[in-house]
Every structure is written in C-alpha cells, then in structure tokens.
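Here's a protein to explore, with its sequence and 3D structure side by side. Have a look around before reading the notes.

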Amino acid sequence: MAMQKVTANGRKEIRMGVLGCGFMGKCHANAYKKIPYIYPDAGVMPRLLVLCDKNEQIVEREATRYGYEEFCTDWNEMVADERIDVVDNCGPDPVHPDPCIAALENGKHVISEKPLAVSVDDARRMRDAAAASSGMAMCTFNYRFMPAVQMAKELIDAGKIGTIYQIRVNYLQMAGHDPSLGADQCWYAAWPHSGGLQGIGSHAIDQCRFLVGEITSVSALVRTFNADRARPSAGCPEVTSDEGTAALLDFDNGAIGVMESSVVATGRKNFLSWEINGSKGSLRWDLEHPNSLFACLESPDGPKVEGFAEISVTEADHTYVGPWWPHGHNIGWEHCHIIEKFHFLDTVANGKPMNPNNATFEDGYRVAAIIDGMRQSSDSGKRIAINY
Ligand SMILES: NC(=O)c1ccc[n+]([C@@H]2O[C@H](COP(=O)([O-])OP(=O)(O)OC[C@H]3O[C@@H](n4cnc5c(N)ncnc54)[C@H](O)[C@@H]3O)[C@@H](O)[C@H]2O)c1
C-alpha cells in the first residue's frame with residue numbers, strides 16, 4: 001500500500017484559543033494533546049489554534065513548545081477571532097471575568113479555571129453571561145473527575161451510605177509555612193493570586209456541593225498568619241492573601257460539615273481529603289492515594305465484618321477508567337484534568353447536553369457566594385446564610 005496522509009478520520013475539529021501559558025496553560029494543553037488518542041472513538045479533535053499570554057518573553061516559545069499555530073499577547077484579539085470555537089481561560093484569578101464574558105458574548109464555548117472570579121459580583125456577572133450565551137461554559141473543578149470521587153458519588157446517589165450526616169473536608173498545602181518567605185515566593189500571596197481560600201478552598205467547597213448537597217449557611221474563621229505577605233487583590237481590594245480557613249457548613253438536606261483549607265500546613269504538599277458519614281456507611285478519599293476509595297458499607301455478614309475497605313478504583317468498568325490502563329496501573333492528578341476537558345469537548349463536538357459532572361458557571365458562582373459568606377462570617381463573628 002502506498003504512503004497515505006493521516007486525516008482527522010471523521011473527528012470534529014475543535015479550535016482552541018487558550019489564555020495563559022503558566023502552570024495551568026501547560027496542564028490544559030497537555031489534556032488537549034492526549035484527548036485524540038485516549039478517546040479515539042469520540043469524534044473529538046482539539047486543534048491548538050491560538051495561545052495568548054501577555055508575557056511577550058515567553059509566549060512564542062511556549063506556543064512552539066505545545067504546537068499552537070498562532071500566538072498573541074492581547075486576549076481581546078483572541079476572543080473576537082471567528083475561527084475559535086472554545087476559549088480556555090488559564091489566566092490568573094482576576095483575569096477570568098472580562099475575557100470569559102467577552103468570549104461568551106461572541107457565542108464561544110468557554111472554560112474558566114477556578115475560582116470563577118475573585119469577587120462574588122464578578123462571578124455573578126460571569127454566571128449571567130453564560131446563561132445568556134449560545135455557548136456552553138465550564139468552571140474547572142477537576143477533582144470531580146477522579147474515578148474514586150466519581151465512585152463515591154455513585155454510591156451516595158444509589159443510597160449505599162444512607163442519609164448523610166457529616167462531611168469533613170481538608171485542602172492542605174505548605175507553600176507559605178515558612179515565615180521568612182516573601183509574598184512573591186508564595187503562589188497564593190502575590191498579585192494576581194487571591195489567597196488560599198480561593199485557590200484551594202474553592203476545590204474543597206466544590207467537593208462538598210458535588211458529593212453532599214447545597215450549602216445554606218456557613219460560620220468561618222479566615223486568617224492571614226503572615227500579615228506582611230497580605231497584598232490586596234486587583235479588582236477586589238478587600239480580599240488579601242488569607243492562609244488558613246476553618247469553617248462550619250450547613251447543608252440543605254440536614255447534613256453538617258467541617259472544612260479546612262490551609263497554605264501553611266507544614267508537611268502537606270497537596271492534600272485534598274474528605275470523609276463522609278451516613279446512616280448506612282461511610283466513605284473517605286484523599287489525593288495522596290487518588291486511586292483508592294475507602295468505603296465502610298453494610299455487609300451481608302453483619303456488623304462484625306464492617307469497617308473501611310480499600311477499593312482500587314482502577315477496573316475498566318469503573319466510570320472514567322476504561323480508556324486508561326489495565327487495572328492497578330494507577331492514574332493521578334494530570335488525568336482528572338484530561339478526563340474533565342474531554343467531557344466538555346465531547347459535549348461541544350457532538351452537540352450533547354452539558355455533562356452533569358462538568359461544573360458550570362452556576363457552580364463556580366455558588367462557590368464564590370459561599371467563599372464570600374465565609375469572609376463575612378469571619379469579619380462579623382456571625383453565621384451567614386448563603387442566598388444564591
Ligand atoms: N484546577 C487546578 O488544578 C488549578 C491548579 C493551579 C492553578 N489553578 C488556577 O489556574 C489559573 C492560572 O494559574 P497558574 O498557576 O497557571 O498561573 P501562572 O501564573 O502560572 O500562569 C498565568 C499566566 O497568565 C498570563 N497572564 C496574566 N495576565 C494576563 C493577561 N491579562 N492576558 C494574557 N495573559 C495573562 C501570565 O503571563 C502567565 O503566563 C488561576 O486561576 C489558578 O487559580 C487551577
């Protein structure tokens with residue numbers, strides 16, 4: 001047979017415009033490159049068309065590195081480009097609202113990194129723009145797509161742990177534990193980042209909403225231990241670089257919860273964990289053991305053999321695992337981003353309704369409202385009802 005040209009093989013090309021080529025720009029580009037060969041039958045072919053980054057020193061180099069066809073430094077140009085189907089905002093938190101809203105107004109599909117916005121007002125504007133747009137919009141709450149987290153959701157939805165009583169959730173890192181570090185050495189402290197609660201607490205709140213239910217009120221302490229690092233955030237001067245949050249949560253279904261986020265948790269590199277207790281069973285999971293769900297479920301042999309058992313969520317018939325590796329060949333943090341982006345692009349390419357596990361801008365807004373409530377509670381010493 002003569003040499004043949006490889007074609008898109010019937011797959012729908014999705015032309016991407018990505019804002020930002022830092023940590024998340026790399027992570028998302030990695031996802032787009034892997035989607036065609038991990039999901040070969042899905043009809044999705046992301047095309048890295050434009051990379052936009054305001055940093056002129058690196059944007060061309062990074063566009064070449066990832067295989068983008070074009071680059072620019074002004075996001076206004078990118079969101080107006082008629083060739084682009086999906087705008088993916090991997091810029092810093094304060095740079096989420098304006099480009100996302102402009103892209104939605106231009107009818108594009110939009111992905112925004114979390115937190116949706118620094119202020120709840122901006123998050124509401126983004127939510128409203130998404131509701132008014134013909135484009136679909138996703139907020140990147142990627143941990144929903146860890147197979148073990150998904151299995152927990154399926155067990156909860158099937159009633160396997162009964163009525164949920166309590167959740168305790170932690171997202172802990174150590175970036176700022178050493179007081180001698182300057183603001184520019186702590187990812188959460190220097191502009192344009194917006195503190196530990198927004199940066200990682202937002203993920204913990206999303207896990208609570210995803211797994212347990214809607215949060216109706218909060219009581220919280222939000223603290224900055226190293227005050228000399230606190231810098232006002234652009235566009236939201238009242239938010240400085242908080243380092244630790246301890247919060248009580250009340251859910252609409254009667255459950256209660258405790259949430260901690262910390263960027264001064266000495267020894268913790270990137271520890272997201274939760275335990276959920278229900279009337280018939282309990283579940284726990286953590287990001288340092290991402291493939292394992294620890295489950296205490298009712299046993300037909302009675303209470304004598306009940307206790308937490310470790311389930312390796314790596315079987316081909318476990319949700320999201322099939323396209324990956326044989327059982328026991330674990331996946332990690334990178335993969336939940338790939339799985340998440342795939343499900344959004346599958347929706348776009350194949351005209352499907354938004355996948356219910358993809359977080360919407362409504363979800364992003366609600367997390368912002370809860371964070372706002374936590375700040376209000378910390379400032380006032382009062383429990384705050386969250387009105388969405
Ligand atoms: N979901 C996750 O797992 C996860 C993890 C880390 C960060 N994040 C979020 O991702 C976002 C990006 O974080 P990061 O760590 O990649 O940041 P980063 O600082 O590494 O990269 C941000 C990039 O955006 C560029 N940029 C800044 N302002 C711009 C503008 N106006 N126009 C164009 N480019 C601009 C910067 O030059 C930089 O290259 C943040 O919102 C952060 O909270 C999410």
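From which domains does the lining of the largest pocket draw at least three residues each? Domain 1 (12-143) and domain 2 (144-325) each give at least three residues to that lining. Keep in mind that this is a predicted model. Below you'll find the pocket, the cavities, the two sheets and a couple of backbone oddities.

**The largest pocket**

- This pocket has a volume of about 930 Å³, and 39 residues line it.
- If you want to find its centre, look for Phe23, Met24, Cys90, Gly91 and His193, the lining residues that lie nearest to it.
- Three elements each give two or more residues to the lining: helix 1 (23-38), helix 7 (195-211) and helix 8 (333-350).
- Helix 7 supplies the largest share, with four residues.
- By class, the lining is a mix of 17 nonpolar, 16 polar and six charged residues.

**The cavities**

- Rolling a probe the size of a water molecule over the atoms shows where empty space is left.
- A search of the whole structure turns up two cavities of 30 Å³ or more.
- The largest cavity has a volume of about 60 Å³, and its lining includes Pro147, Asn291, Trp324, Trp325 and His329.
- Six nonpolar and four polar residues line the largest cavity, with no charged ones.
- The second largest cavity comes in at about 30 Å³.
- Among the residues lining the second largest cavity are Pro115, Leu116, Phe141, Gln198 and Ile371.
- Which element gives the largest share of the lining of the second largest cavity? That's helix 9, with four residues.
- Seven nonpolar and two polar residues make up the lining of the second largest cavity, again with no charged residues.

**The nine-stranded sheet**

- Strands of a sheet pair through backbone hydrogen bonds, either parallel or antiparallel.
- One open sheet has nine strands in the order 14-13-12-11-7-10-9-8-15, and its pairing is mixed.
- Why is one side of strand 14 (309-312) and of strand 15 (384-385) left without a neighbour in the sheet? Both strands stand at the edges and have a single partner strand each, so one side of each has no neighbour there.
- Strand 8 and strand 9 run antiparallel and share eight bridges, and Val222 stands opposite Thr245 in strand 9.
- Strand 9 also pairs with strand 10, in the antiparallel sense, through seven bridges.
- Thr245 faces a partner here too: Ser261 in strand 10 stands opposite.
- Four residues lie between strand 9 and strand 10, which form a hairpin, and Gly254 in the turn has a positive phi of about 95°.
- Further along, five bridges connect strand 11 (residues 271-278) with the antiparallel strand 12 (residues 282-286).
- Asn277 has Ser282 in strand 12 as its bridge partner.

**The six-stranded sheet**

- A second open sheet has six strands in the order 3-2-1-4-5-6, with parallel pairing.
- Its edge strands are strand 3 (70-72) and strand 6 (137-140), each of which pairs on one side only.
- On average, neighbouring strands of this sheet are turned by 25° against each other, direction ignored.
- Four bridges link strand 4 (residues 86-89) to strand 5 (residues 109-113), which pair in the parallel sense.
- To spot one of these bridges, find Val87 and its partner in strand 5, Val110.

**Helices lying across the sheets**

- Helix 9 (residues 361-380) lies across strand 8 (215-223), strand 9 (244-251), strand 10 (256-262) and strand 15, at about 55° to strand 8.
- Helix 9 also lies across strand 5 and strand 6, at about 45° to strand 6.
- Helix 2 (residues 59-66) lies across strand 2 (44-52) and strand 3, running at about 165° to strand 2.

**Two backbone oddities**

- Most residues other than glycine have a negative phi, and most peptide bonds are trans.
- Which kind of peptide bond runs from Lys114 to Pro115, and what is its omega? The bond is cis, with omega near -15°.
- You'll find Pro115 in the loop between strand 5 and helix 5 (120-132), and Pro115 is also one of the residues lining the second largest cavity.
- Tyr320 isn't a glycine, yet its phi is positive, near 80°.
- Look for Tyr320 in the loop between strand 14 and helix 8.

Note on methods:
Residues are numbered from 1 along each chain as its sequence is written. This is a predicted model: local features need pLDDT of at least 70, side-chain atom pairs count only at pLDDT 80 or more; totals for chains, interfaces and linings use all residues. Side-chain values use heavy atoms; hydrogens and water are left out. Two strands pair if DSSP finds at least two bridges between them. Contact means heavy atoms within 4.5 Å. Axes are lines fitted to C-alpha atoms, for helices over the stretch in contact, and angles run from 0 to 180 degrees between N-to-C directions. On a 1 Å grid over the protein atoms alone, a cavity is a set of points where a 1.4 Å probe fits but cannot get out, and a pocket is an open set with protein on both sides within 12 Å along at least five of seven lines; lining residues have an atom within 4 Å of a point. Grid points are joined across faces, edges and corners, and a volume is the space filled by probe spheres set on the points. Ala, Val, Leu, Ile, Met, Phe, Trp, Tyr, Cys and Pro count as nonpolar, Asp, Glu, Lys and Arg as charged, and the others, Gly among them, as polar. Domain bounds come from an automatic or database domain assignment.
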